[in-house]
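Here is a walk through one model, chain by chain and then across the contact. Have it open while you read.

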Amino acid sequence: MAKIRGSIVVNIEKCKGCEVCMVTCPTGTIAMAKEVNGKGYNYAFPANPELCIGCANCAMVCPDGVITVYKTKI
Amino acid sequence: MVEFSGIKEIIKPENLVYKRTDIMTDNTLSYCPGCGHGTAHRIIAEIIGEEGLQSEAIGVSPVGCSVFMYNYLDIDWQEAAHGRAPAVATAIKRLLPEKFVFTYQGDGDLAAIGTAETIHACNRGENIMIIFINNGIYGMTGGQMAPTTLPGMKSSTSPYGRDVKTMGFPLKITDIVATLPGSYYVTRQSVHTAANVKKTKKAIRKAVQYQKLNKGTCLIEIVSNCPSGWKMTPVQSNKWMEENMFPYYPLGDLKTPVE
């Protein structure tokens, strides 16, 4: 059976660290960084990238549209 | 190590599932972290892009938090006086009937100062789409009580909670509009989860189709959050909204067209 693998890219300078994506992620891929971006927000990043399934839930709820989602079958 | 190189290989243009639409400009949104306005803007932009309406769409932006909406969507815009967006949209649609005209208003704009314009535009059955963002508070001016504030809800001008004896009951303007013969499609949605975002997108797409067919006024209420005005984190405010706003403002279609 083909395995679905996904990956997200976060535009960290535009992220406002609202954590909505972290809560909506079904696999726990996203976490908030300890570091801050230029505006002082703890930005979101894929802490567990191997868990991502490319469902795009995070990108759909992101108010600032900073998440780009990729998906492939391997 | 194999896993890591695998992820690098996934990030290719042909594997793209979702990216920020080109209709949105590169300006950073002025909204607070976690605000539903950003999601609502993006959905509208996606619909305009997917329906190929970029050159036909004319938006009417309100007064409120979303007053600078014309900076964020790359389409034609007209700013309206406070609450008067449906009146301005009426004029635009009557003069340029081939254009796609919509208004985007908050609850202070649509349900307080603009109640008359909203009700009369819907009663006349003007062929426009109205997007109504309801967060139960005047967000931009510092969280004052709005007509849509829930009973007992604390705001900066009702610090002990809204007392319905002296301050009246929350105005369900979407329900009022649904009873008018001029309105064609009236629905209430939200944008706080991915499933709700999909439903809202579907509703907006329907409204766009109805306007193409000259059917009448379509009003889409989006129940949204206001983390700053409610003094909560974005995640808490979404939960609070589910627990308190949705029982009073239940989601779903209030008026669907009879074929």
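What follows covers the two chains, their interface and a few local details.

First, the ground rules: this is a predicted model, so local features need pLDDT of at least 70 and side-chain atom pairs count only at pLDDT 80 or more, while totals for chains, interfaces and linings use all residues. Residues are numbered from 1 along each chain as its sequence is written, chains are lettered from A and ligands numbered from 1 in the order in which they are written, and side-chain values use heavy atoms, with hydrogens and water left out.

**The two chains**

Chain A has two helices and four strands, in the order β-α-β-β-α-β from the N terminus. Helices (H or I, at least four residues) and strands (E, at least two) are DSSP runs, numbered from the N terminus. Chain B comes with 10 helices and eight strands. Its radius of gyration is 19 Å, close to the 18 Å from the globule rule for 259 residues, so chain B is as compact as a globular protein of that length. For chain A, with 74 residues, the 12 Å agrees with the value near 11 Å for a compact globule. The radius is taken over C-alpha atoms, and the globule rule is 2.2 Å times the number of residues to the power 0.38.

| Chain | C-alpha box along the principal axes |
|---|---|
| Chain A | roughly 45 × 20 × 20 Å |
| Chain B | about 65 × 45 × 35 Å |

**Where they meet**

How many residues does the contact take from each chain? Chain A puts in 30 residues and chain B 33 residues, with contact meaning heavy atoms within 4.5 Å. The area buried between them is about 2,600 Å², and carbon and sulfur atoms give 62% of that. Buried area here is the accessible area (1.4 Å probe) that two parts lose on being put together, summed over both.

The rule finds zero salt bridges across this interface, a salt bridge being a side-chain nitrogen of Lys or Arg within 4 Å of a carboxyl oxygen of Asp or Glu. On the chain A side, S1 (4-10), H1 (20-24), H2 (57-61) and S4 (67-73) each supply at least two residues that touch chain B. S4(A) gives the most, with six residues.

That strand also pairs across the interface: S4(A) and S1 of chain B (residues 16-18) run in the antiparallel sense over two bridges. Two strands pair if DSSP finds at least two bridges between them. Within S1(B), B:Tyr18 is the residue that stands opposite A:Val69.

**Inside the chains**

Over all chains, the structure holds 14 salt bridges. One pairs A:Asp64 with A:Lys16, with the closest N and O atoms 3.1 Å apart. A:Asp64 sits in the loop between H2 and S4 of chain A and A:Lys16 in the loop between S1 and H1, so the pair ties together parts 48 residues apart in sequence.

Over in chain B, B:Thr25 lies in the loop between S1 and helix H2 (36-50). Leaving out residues up to four places away in sequence, B:Thr25 touches B:Arg20, B:Asn71, B:Tyr72, B:Leu73 and B:Asp74. The C-alpha atoms of B:Thr25 and B:Ala45 are separated by 9.9 Å, with their positions 20 residues apart along the chain.
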